[in-house]
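Trainee: I would like to learn how to read a helix and an interface. Could you take me through one example?

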There are 2 protein chains.
Amino acid sequence: LNGKATARANTNIALVKYWGKRDAALNLPAVGSLSLTLEGLSTRTSVAFDGKAAADSLLLNGEPADPRALGRIARFLDLVRARAGIKEHARVESANDFPTAAGLASSASAFAALALAATRAAGLSLDDRELSVLARRGSGSAARSIFGGFAEMQRGQRADGEDSFATPIASDWDIRLVIAATVTGPKSTLSTDGMRHTAETSPYYDAWVRMSEADLKTARDAIARHDLEALGTVTEASCLSMHASAMAARPAVVYFHGATIEGWRIIQELRKSGIPAWFTCDAGPHVKALTVAKHASEVEQALARLGRTWICKPGPRAEVLEVNA
Amino acid sequence: LNGKATARANTNIALVKYWGKRDAALNLPAVGSLSLTLEGLSTRTSVAFDGKAAADSLLLNGEPADPRALGRIARFLDLVRARAGIKEHARVESANDFPTAAGLASSASAFAALALAATRAAGLSLDDRELSVLARRGSGSAARSIFGGFAEMQRGQRADGEDSFATPIASDWDIRLVIAATVTGPKSTLSTDGMRHTAETSPYYDAWVRMSEADLKTARDAIARHDLEALGTVTEASCLSMHASAMAARPAVVYFHGATIEGWRIIQELRKSGIPAWFTCDAGPHVKALTVAKHASEVEQALARLGRTWICKPGPRAEVLEVNA
């Protein structure tokens with residue numbers, strides 16, 4: 001086999017947050033989640049299986065990846081090889097079309113692009129559900145980046161995880177996510193570690209898990225009727241509940257920096273002045289605001305003092321750019 | 001009756017936090033708490049019952065108080081009048097020996113001093129337990145400021161609140177609390193309102209209440225053996241759990257400002273560099289660090305860029321300065 005394929009996937013931001021795993025080995029989430037895939041923040045990945053390669057290799061933005069990242073990719077490729085019944089090693093090249101130094105690099109776009117490129121290079125042609133299940137093994141959030149626009153990740157019930165995948169939510173709602181990248185540098189606690197520690201030590205974790213179904217329904221209903229205030233309210237509440245569950249872990253897991261809280265306060269002030277914007281942030285310090293096209297520039301201007309900003313539209317689904325299997 | 005008395009009480013900082021009421025009318029806490037009374041941050045209050053006064057009056061730091069503050073004081077004086085069987089109105093003068101503009105003004109020192117001055121001016125001589133129960137009616141935290149050093153507030157079980165009072169924890173431990181006053185201005189959410197809203201809407205409130213007994217025991221044991229790390233760890237955890245319970249309320253109650261989180265991060269860095277310091281903060285933005293005398297200056301220097309700082313020793317119990325009943 002000498003198959004090669006290139007795919008691109010966009011990152012996504014969870015509006016109803018994913019936090020906690022029901023099975024670490026299969027990367028099964030303890031809660032469902034609901035996200036918006038973003039235009040303009042994508043990863044482009046090529047995978048070439050090569051009978052002569054002695055081991056998997058990985059170039060990230062043109063540089064050889066560190067052993068930890070390579071190991072994670074190699075374990076993911078093992079899943080693809082097992083499924084395709086092949087043994088060849090792969091040369092993987094992956095690049096983000098946004099500055100990784102800004103700390104927005106995303107395992108969501110990375111593993112969605114890799115799942116698509118690697119399966120096509122291996123001669124497989126998976127359907128969306130199978131792709132989403134596979135991408136989930138690399139990163140829980142990657143399961144959602146198979147799809148464009150709004151997507152909902154199903155927690156699922158099965159022990160084998162075959163019912164734990166994302167599905168798209170059809171919508172023509174032209175919403176915006178404004179991102180302000182605050183402090184740079186590596187995260188203090190990787191999200192996988194933060195999730196495990198929260199589940200093991202936070203007195204609030206059980207309540208967090210119990211609450212998620214209602215938040216998902218609220219968000220789903222809000223999207224169906226284009227109700228910005230309802231979607232924004234549950235977005236901000238889900239984010240703060242997630243961070244609160246981690247902050248109550250012992251010792252605490254705190255992803256906020258000063259600039260993150262200032263961003264939250266700026267967004268509150270925007271709302272008081274009549275500009276619809278709701279805060280969210282992930283397992284890192286950056287500030288994200290949900291709004292609509294009409295107000296995106298005002299929101300961006302208000303957040304600009306925190307750092308570099310982007311206005312993101314709903315982005316496209318993962319797609320194959322080139323295949324030669 | 002023309003009794004007059006002056007008393008002084010020091011503020012206190014809860015190490016194991018008070019958040020939530022089991023009875024709003026009697027101001028009964030849903031959880032016990034454990035505090036350190038602070039030297040150098042006190043309120044001095046004079047109460048003069050005067051048969052000729054047409055209404056209660058209140059001078060705060062030399063200025064007539066606003067109607068809201070006066071109303072709260074008048075309702076408290078009603079409790080004292082009922083107990084003493086008198087009807088005279090009172091002239092109350094109260095002053096803090098620390099800058100109120102710094103946002104450290106405390107209802108703890110205010111109502112402890114008022115309870116002591118008002119009862120003595122009314123000819124009453126209450127024991128510590130009775131004083132603590134009375135001060136609690138003015139402000140939950142005031143029940144602890146009757147005592148110096150460490151004090152523990154009992155949640156109590158009785159509907160009438162007679163078993164809900166503070167007791168001193170005898171200790172010669174020469175600990176320090178470093179305060180950095182960050183942003184000034186009024187709080188966004190008064191603590192009474194924040195507590196009620198948390199109890200009514202936060203999915204984490206029940207777990208917060210359940211957890212408090214264990215934290216109190218941990219703190220008590222740590223004080224008994226002068227175990228700074230154990231006391232610091234539970235202090236920081238109790239604070240973050242309290243704020244997390246409020247942050248998960250819907251809508252969120254967030255007392256942190258950017259500078260508060262920066263303070264938390266500075267304190268983490270201090271610990272990594274071997275300097276023992278643990279973060280706490282109350283229903284406001286200011287940063288407080290628990291440490292020992294030997295390291296207090298280093299901690300103060302590290303926090304100085306956030307705002308004005310104080311190093312506080314354990315403070316004295318509330319005391320009567322003058323009485324003419």
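Trainee: Which residues of helix α8 of chain A are buried?

Mentor: Keep in mind that this is a predicted model. In α8 of chain A, which spans residues 293-303, the buried residues are A:His295, A:Ala296, A:Val299 and A:Leu303.

Trainee: Where do they lie around the axis of α8(A)?

Mentor: First the general idea. An α-helix has 3.6 residues a turn, so residues three or four places apart point the same way. Here, the buried residues of α8(A) lie on the same side because they cover an arc of only 125 degrees around the axis. The face turned away from that buried side carries A:Lys294 and A:Gln301, which are exposed.

Trainee: What covers the buried residues of α8(A)?

Mentor: The cover includes α7 (258-272) and three strands of chain A: β10 (175-181), β12 (287-292) and β13 (308-312).

Trainee: Now the interface. What area is buried between chain B and chain A?

Mentor: The size of an interface is often given as the accessible area lost when the parts come together. For chain B and chain A that area is about 2,200 Å², and carbon and sulfur atoms give 63% of it. In terms of contacts, 27 residues of chain B meet 27 residues of chain A.

Trainee: How many salt bridges are there between chain B and chain A?

Mentor: The count is two. B:Asp215 forms a salt bridge with A:Arg250, with 2.8 Å between the closest N and O atoms.

Trainee: Which elements of chain B give two or more residues to the side that touches chain A?

Mentor: They are α5 (205-224), α6 (228-247) and α7 (258-272) of chain B. The largest share, eight residues, comes from α6(B). By class, this side of chain B has 18 nonpolar, five polar and four charged residues.

Key: Residues are numbered from 1 along each chain as its sequence is written. Chains are lettered from A and ligands numbered from 1 in the order in which they are written. This is a predicted model: local features need pLDDT of at least 70, side-chain atom pairs count only at pLDDT 80 or more; totals for chains, interfaces and linings use all residues. Side-chain values use heavy atoms; hydrogens and water are left out. Buried means under 20% relative accessible area, exposed over 50%, partly exposed in between (1.4 Å probe, protein chains only). Helices (H or I, at least four residues) and strands (E, at least two) are DSSP runs, numbered from the N terminus. The arc is that of the directions from the helix axis to the C-beta atoms. Contact means heavy atoms within 4.5 Å. Buried area is the accessible area (1.4 Å probe) that two parts lose on being put together, summed over both. A salt bridge is a side-chain nitrogen of Lys or Arg within 4 Å of a carboxyl oxygen of Asp or Glu. Ala, Val, Leu, Ile, Met, Phe, Trp, Tyr, Cys and Pro count as nonpolar, Asp, Glu, Lys and Arg as charged, and the others, Gly among them, as polar.
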